[in-house]
Each structure stands twice: as structure tokens, then as C-alpha cells.
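Subject: Structure for you to look at, with notes

Dear colleague,

I am passing on the structure we talked about, together with some notes on what was found in it. Please open the sequence and the structure side by side before you read on.

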Amino acid sequence: MLFPLLRRTSYLKHGYRRLLLTPSSLRHYASTNTQTTTTPSSSKAPMVALAFLAGVGLDYSLRQQQQKQSTTHATTETETTGPHRPPPLTRPSQAMLQKAFHRLQQVLPPEHVTVDEDILENHGYSSNSYHNEGAPNIVVFPRNTEEVVQVVKIANELGIAVIPFSGGTSLEGHFSAPQGGICLSFTEHMNQIIAFHPEDLDVVVGPGIEWEDLNLKLKDHGLFFPLDPGPGACIGGMVGTSCSGTNAVRYGTMKEWVINLTVVTADGKVVKTRQRPRKSSAGYDLTRLFIGSEGTLGIVTEATLKLAVRPEKEAVAVCDFPTIRDAAAVVPELIRAGVQINAVELLDDEMMRAIHLSSPQLGHAVKPTLFFKFAGSQAQIDHEIKVVSDIAKHHQGGSFKYAKDEREQKDLWEARKICLWSSTLLKENASVWTTDVVVPVSQLPVIIDETKNDLRNSTIEGSIVGHVGDGNFHVFLLFDQSKPEEFEEAKRLNKKLLTRAIQMEGSVTGEHGVGIGKKGYLRAELGDATVDLMATVKYALDPKGIMNPGKVLPEN
């Protein structure tokens, strides 16, 4: 979740057209219902009648189902057997949608319940994901945990899917709605700091708050939340995918920074996973159970997060290398040397070429390059820079650029921040499939070198960038969506990368999560017994399978 991502997709690109309403049809529907509703952006717009609204949602979902049946899926599935599961959810009927819509408007303000097609589209599809399986039938905008409880109770009673939505920046189809259902959107109202305890270095927040906004509010207190995925990412999604970011080598992942969660389970019960101390040995670790579950076990409505003190000083340095294997070989040695580095990012030569095309004024060489970030006292930073410089030279490192002030730091790190959109300059009419894997750091030079060879021998363009300090890296696969053979090649390269990571005792995802796109590889990575145990937990908590269905667990 590292990269800057677009939240909205083009309404017209999927080939949908609006329903045309005649005056007579409006009069007919208006005569059946006199309530009014609005969307968040138009609080005074009149509400079309209940039957019409549910019909719109059903008509929209049926068109999506037709599209889904005619679309080649990007997911590779592993066929096997597992524990008993409930029958899979089916898309709700028109009568069911009418009932759900009417009941939702009774427990929420009418303007916080919508079936507007643009809103449905934006809460189900993403231009950053190639696992778009459908949009929800209804989107709601709850204001607090109690309203989430009411929504979930209705969905559970009617057997309708529930899908949480926050930043919309995920890459593996996490908020896609293959069975339609009700989407709970948190960014409109549940996006605030609920409680702040600076003396305890923690904060309680809603799932819809963006991590960047949170850090802006904490800055004046000399504190920050150290995880830094892509811009626009919200705490709810970060909890759901157990994300990390460039600072992971120093600060770890979401699992290390969440104290407790408030979760609404499938039967509408509210669970607070633990109290607020920094550690506890009381009972099962339910907090970590829900982190990384991607909304399939419950809906997170509050999170208590640990905070860190802002470091005294920060510094940035950059070093290029003759080959990507030379650059990658620096990382294991850094870890063994005990360097407390904040970030170490690897960009291959193709990525550096893209950055040179987009921002030649930055002056970077078109070679594999490592970007380093240091933090602490000046003495500590000076020592670590010397150690890193010596290790880099041992692996054929070139010039070691060190930022002398804050402006130079920003300039040096700018190349890392513009990777995603810069990569599109490598190919005309490029779409970008972003994938990630993670391996033990000792295996990093090997897997990166082999992946680079795959890209060189491919018929499509690709580049490598990653948080290599903890063995995690990303591959950008560039293809033209109008050419099916290029999409198939991107799928092949992605599959080969994931398979290779598993063979090296790694994982098919270090921070993007499983979603729809990688669930077919879960049994190969974890084994049948482990995945079956996950399914047992899932259906013990969610016996009807309404919580974000189709994600994480393979179908068989």
C-alpha cells in the first residue's frame, strides 16, 4: 500500500449507462413512497421511491453480473477440499433489496443510505486493481459503532453481504463486492480522533481517518504514527491488510502498533479486544486475529494506536550500483551489522529511467539505486551513515549522496515518492499491475535477480521497487489493457513471482494483503491444515458468510 493511488474510477469506462426516467414513471414511483433521501454531496435532493431505488440497485448488480461472466478473471485458484462451509451467498433479490433499503433508512438518517450508481461504482471498482468483481447494491455512511451494529444486524438477518470501505487504495480487490450487498463507507463521518492520550503515547481513532491527516494533527505534540503506506490510505484498511510502508524496517507493521480494536461481529455484537495498556497476557490475542483479516471476521469501528516520539534529526542518502544484485546484497549485511536504519528502498534501473524521464532535474543515475533514511541524534546518524557507506562500497556502490539539509532531503527522497506514476512513462497507454512479495532477507538478492531476468525476457515492460530492508519488494507490470496477450503476460509474471517467493519460504504478500487476487495461492504458502483452521475460525464468527465474502480464503 505504499504508492499514491487513485480513489475514483471512470463511470463510463465500464460501459454502463444511466436509467432514463420519464415523467410518468417518476409520478408512479413517487406515488408509492413519499420519503426523501440525499447523497452526502446533495442533502436536499428528493428521494426516488423505495421500489425504484431497490430496482436501480438490482438492475445495476445484474449488469455487473453479466459483465463479470464475460470478463477473464485474474485470480489463479488452487482446487482442494476443506472443512464444511455454509452455502455461498447469492446476490440479493429485488424484494430483498427493497426490504433492506427500507429498514436501513429506519435506523440511519435517510440521506446516509444511497443506491446512486456513481457512488456504488466508486465503492466497488478501482483502476488500481485487476480483481474488480462487482459493486455493492447499497452504500451507507454510518456515524458511530451503534449505527454499524444496526446495519450488520439487518444484513445478517437478511443474509446480505457487508463490505467495509475506507480509503479505497487497496490493490487486490478487497472492497469489491462479488455478491453485491451493503457497503459501509467510513471516510465521511467515522474519520476523527476519538480520544488522545499524549501522556501514554496512544490515540483512539475511527476507521476512516487517513494516516497522513492523523500525523498532521499529532505533529504539534512531537508525536507521530510511524507506518506510511500510500497516500490516501485510512486506518481501517491499514488494519484490515496489516500494512506497513517504507518505515517497516525500523518500526515493523500494523500488528506492532495497534493496542486494541472495537469490532462489530456478524451477529451485531460489539467486541473490544483488550484494554489500553501497552502489553497484556490476558486471554487470546484477539487484536491480532482481526488485524489482517480484511473485514472477513468483523467490522472495525475504532482502533487504539501506539504513537512514537518524533526523532531529533532525520537524514537521507542515495547510492547507485552496477547491478540490481549488488544493490540487493547490501541489505542482509546491513541487518547483520545491526544498523538501526529507518528505511532502505531499492529501485531498479528501469524505475530510475522512469524517474529520469519524469524528473531529470533530480540528477539520479539510471542504475539500480538504494535510498536510505536515517533518524536519531546527529552522532547516531553520522555513525550509521559511515557504516552503510562502507557496506555499499564493499558491494560496488558508486557515489554516496548525503542530504545536508531538509530541502536536500526532500529532493533526494522525491524520486522514491513518484515511482508509481513515473513508471507509466516507460510504456505508451500503460496500465500498471502492482504486486508484492516478501522473503527472508538472505534470499532477497536471489529472488530480485531472478525476477529481473524474467522482466528482461518478457514481452511487456516492468520495474522493481521495494522496502527491501525487511525483504519486501514490489513489481510494476506495465501492459496495454486493449491487448489481451499483454494482460495474460502480466498474469504469468505475477504467478511466477508469487510461486518463487513461496519456494523461498517467503509470502505472496508482504503488505498489500490477500483480497481476491492472491487467495488462490494461500494453500501453497500455508498448507491445507492452516487454511482449514482459518476457515473454521471464519465460519465460527460468521456462520452465514456475510462479512466481506470472497476475500482471503480460497473457495475450496
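The notes below cover helix packing, the nonpolar cores and a few single residues.

Please bear in mind throughout that this is a predicted model, and that the values below are computed from it.

I begin with helix α10, residues 324-336, which appears in two of the packing contacts. Its axis comes within 8 Å of the axis of helix α15, residues 444-456, and the two cross at roughly 160 degrees. Because angles over 145 degrees count as roughly antiparallel, α10 is described as roughly antiparallel to α15, and the crossing of this pair is right-handed. On the α10 side the contact is made by I324, R325, A328, A329, V331 and P332, while α15 supplies L444, P445, V446, I448, D449 and K452. Sorted by class, the contact of α10 with α15 comprises nine nonpolar residues, three charged ones and no polar ones.

The other partner of α10 is helix α12, residues 378-394, with the axes 9 Å apart and an angle of about 140 degrees between them. That angle makes α10 oblique to α12, although the crossing of α10 and α12 is again right-handed. Here V330, E333 and L334 of α10 meet V388, I391, A392 and H394 of α12, and the residues of this contact divide into five nonpolar, one polar and one charged.

A further helix pair is formed by α3, residues 94-107, and α5, residues 145-158, whose axes come within 10 Å and cross at roughly 160 degrees. This makes α3 roughly antiparallel to α5, with a right-handed crossing. From α3 the residues involved are M96, K99, A100, R103, L104 and V107, and they meet Q150, V151, I154, E157 and L158 in α5; by class, the contact of α3 with α5 has seven nonpolar, one polar and three charged residues.

Turning to the interior, in soluble globular proteins nonpolar side chains tend to be buried together. In this model the largest nonpolar core has 47 residues, and those with the most contacts inside it are L370, F372, F374, I447, I448, V468 and F473. Helix α16, residues 484-503, gives the most to this core, contributing seven residues. A second, separate core of 38 residues includes L104, F141, V148 and L158. You will recognise I448 from the contact of α10 with α15, and L104 and L158 from the contact of α3 with α5.

Three single residues are also worth locating in your viewer. Q409 is found in helix α13, residues 406-417, and it counts as buried because its relative accessibility is 16%, where buried means under 20%. Leaving aside neighbours within four places in sequence, Q409 is in contact with E314, A315, V316 and A403.

The other two are residues other than glycine that have a positive phi. L201, with phi near 55 degrees, is found in the loop between β5 (193-197) and β6 (202-205), and at 25% relative accessibility L201 counts as partly exposed. V552, with phi near 70 degrees, is found in the segment after α18 (528-541), and at 12% relative accessibility V552 counts as buried.

With best wishes

How values were computed. Residues numbered from 1 in each chain as written. Predicted model: local features only at pLDDT ≥ 70, side-chain atom pairs only at ≥ 80, totals over all residues. Heavy atoms only, no water. Axes fitted to C-alpha atoms, helices over the stretch in contact; angles between N-to-C directions. Helix = DSSP H or I, 4+ residues; strand = E, 2+ residues; numbered from the N terminus. Parallel < 35°, antiparallel > 145°, perpendicular 65-115°, else oblique. Left-handed = near helix turned anticlockwise from the far one by under 90°. Contact = heavy atoms within 4.5 Å. Nonpolar A, V, L, I, M, F, W, Y, C, P; charged D, E, K, R; others polar. Core = buried A, V, L, I, M, F, W, Y, C linked by side-chain atoms within 4.5 Å. Buried < 20%, exposed > 50% of the residue type's maximum accessible area, 1.4 Å probe, protein only.
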